[in-house]
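Biologist: I am new to this structure and would like a close look at a single part of it, with the surroundings brought in step by step. Please explain each term as you come to it.

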Amino acid sequence: PPLPPPPLWPPPSLPPPPSPQPPPPPKSPLATFVSAFESHGLLIHSVDGFGSSQGSSSGSFVQRLDHARNLSDVKLDTDCGEHCIAFSYLDPTLPIQPYCPGCLIMVFAATPELWSFVQCAAATDSGSSMRSCCACYWKGSTNCPFRQQQQYDQGYCQEACSADPHDELCHQLAAGCSHSSRDTANPDFGTFACSGSEFLQGSCELCQRPAWCDEHDGPYGGPITEPQQWVDRFMAARVQHKKSHQCKFRRTEKDRFVRTAHAAMSHLKQHWANGWVSGAPLPWNEVNFYSGPGMGDLYPAFWRNLVGFVTMHGDDGELARVAHRFQALGLDVPTFRMRVDGNPPGTSSLNWWQPHRRWDLTGHPHFLRLVSSNGGQMCDAGKCTSVGGNCCAPP
């Protein structure tokens with residue numbers, strides 16, 4: 001057979017590798033906001049919607065922000081307990097209804113990173129600020145079930161946290177995940193029910209455990225795993241204290257929580273009653289975080305997932321001021337404006353929401369719009385007369 005041709009020497013040069021593709025352009029702030037909403041959903045927190053009314057020595061969120069020297073000094077309102085921060089969850093299937101439309105609203109992407117810090121979720125507002133077994137944050141209000149109940153710690157959280165402040169049960173109870181103190185005597189709990197005196201003495205078992213929906217041998221008599229099962233159990237006309245009696249979902253049950261919240265809001269829309277003036281559920285859900293000793297890297301996760309500040313019925317001037325303060329602390333946060341249905345508590349409603357429709361936030365009726373891509377762009381130097389007033393210059 002013929003011999004193969006001799007190898008070429010020197011070997012032929014290879015063509016140069018292709019030039020690397022340029023990185024994709026960064027998403028616009030509006031696109032980032034919408035993408036978070038449509039993928040992981042959003043967690044919204046009303047600034048000073050409740051926490052500032054507690055007369056805290058640390059002042060309101062805006063006051064604390066003004067005095068912060070760096071981002072690590074900034075802490076959200078513990079508005080549902082001494083160590084509890086309340087949010088609502090939004091996604092394209094749920095009503096766009098915040099607890100406080102007139103408040104400045106912080107919006108976070110509900111990514112797996114941030115969701116890993118969730119302690120519990122409730123399909124409708126559970127009133128944990130005034131009905132948590134650990135404390136009644138509205139001390140002195142008629143909303144506190146017991147006049148003698150402590151404002152900050154009835155003892156149940158202290159007992160759970162005494163051995164280890166990193167303990168999961170400690171965080172869950174402090175974040176309002178237990179059964180409601182307003183509902184502990186409910187005969188529906190059978191042998192688990194406890195009297196007011198037992199509650200005040202610290203011996204109520206319902207206050208020593210989270211109110212999980214999936215418990216097989218718990219106070220609800222069996223697991224509640226399907227949305228319609230939850231609706232039948234907690235939204236029937238015969239049920240008293242609907243907001244207080246409901247079970248809650250673990251962080252690992254996000255999909256079940258969302259489907260149940262959708263079913264609950266669908267039922268509420270069909271049988272509408274304003275929960276602020278009746279025993280009906282309220283048209284938003286509640287997702288609670290623990291903020292206190294042993295919380296880990298909660299705040300770095302907050303700042304990594306903060307996608308914007310939103311005003312709905314609020315003050316654009318405060319929106320500008322807060323965004324600029326964050327920029328001065330090294331974090332550019334875009335600001336948005338959006339319309340919302342109703343204005344709780346007086347005119348809360350679900351008129352706009354359609355249970356079988358997925359929301360497009362940028363279209364009718366919410367019309368999400370970007371106000372500013374960062375705090376600096378909102379500065380109006382003509383209004384600057386003194387630092388800390390209507391002036392946007394950092395201190």
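Modeller: Let us begin with strand E3, whose two faces are both covered: Ile105, Val107 and Ala109 on one side, and Met106 and Phe108 on the other, are all buried. Buried here means under 20% relative accessible area, exposed means over 50%, and partly exposed lies in between, with a 1.4 Å probe and protein chains only. Because five of the five residues of E3 are buried, the strand is largely enclosed by the rest of the structure. The model is a predicted one, in which local features need pLDDT of at least 70 and side-chain atom pairs count only at pLDDT 80 or more, whereas totals for chains, interfaces and linings use all residues. Residues are numbered from 1 along each chain as its sequence is written, and side-chain values use heavy atoms, with hydrogens and water left out. As for the element names, helices (H or I, at least four residues) and strands (E, at least two) are DSSP runs, numbered from the N terminus.

Strands of a sheet pair through backbone hydrogen bonds, either parallel or antiparallel. In this work two strands pair if DSSP finds at least two bridges between them. E3 belongs to an open sheet of eight strands with mixed pairing, whose order is E4-E5-E2-E1-E3-E6-E7-E8. Strand E4 (118-122) and E8 stand at the edges of this sheet with a single partner strand each, so one side of each has no neighbour in the sheet. From one strand to the next, the twist averages 35 degrees.

The partners of E3 can now be taken in turn. With strand E6, E3 runs antiparallel, and four bridges join the two; within this pairing, Met106 has Phe309 of E6 as its bridge partner. With strand E1 (residues 42-46), E3 (residues 105-109) is again antiparallel, and here five bridges join them. Along that pairing, Leu42 is matched with Ala109 of E3, while His45 has Met106 of E3 as its bridge partner. Helix H12 (residues 316-328) packs on the sheet, where it touches E3, strand E6 (306-311), E7 and E8, and its direction makes about 155 degrees with that of E6. Contact means heavy atoms within 4.5 Å, and such angles run from 0 to 180 degrees between N-to-C directions, the axes being lines fitted to C-alpha atoms, for helices over the stretch in contact.

From E3 we can move to the edge strand E4, which is mostly covered, since five of its five residues are buried. E4 pairs with strand E5 (residues 286-290) in the antiparallel sense over four bridges, and in that pairing Cys120 has Asn288 of E5 as its bridge partner. In the loop between E4 and helix H4 lies Ala123, which counts as buried at 1% relative accessibility. Leaving aside neighbours within four places in sequence, Ala123 is in contact with several residues, among them Trp230, Phe257, Ala261, Met265 and Trp284. Ala123 and Val231 are 108 residues apart in sequence, yet their C-alpha atoms are 9.8 Å apart in space.

Ala123 also leads to the cavities. A cavity is a set of points, on a 1 Å grid over the protein atoms alone, where a 1.4 Å probe fits but cannot get out, and its lining residues have an atom within 4 Å of a point. Ala123 is one of the residues that line the second largest cavity, together with others including Leu90, Ala261, Met265 and Trp284. Strand E2 (84-90) and helix H10 (254-270) are the elements that give two or more residues to this lining. The volume of the second largest cavity is about 60 Å³, a volume being the space filled by probe spheres set on grid points that are joined across faces, edges and corners. By class, its lining has nine nonpolar, three polar and no charged residues, where Ala, Val, Leu, Ile, Met, Phe, Trp, Tyr, Cys and Pro count as nonpolar, Asp, Glu, Lys and Arg as charged, and the others, Gly among them, as polar.

The largest cavity has a volume of about 90 Å³, and its lining holds three nonpolar, 10 polar and three charged residues.

Methods. On a 1 Å grid over the protein atoms alone, a cavity is a set of points where a 1.4 Å probe fits but cannot get out, and a pocket is an open set with protein on both sides within 12 Å along at least five of seven lines; lining residues have an atom within 4 Å of a point.
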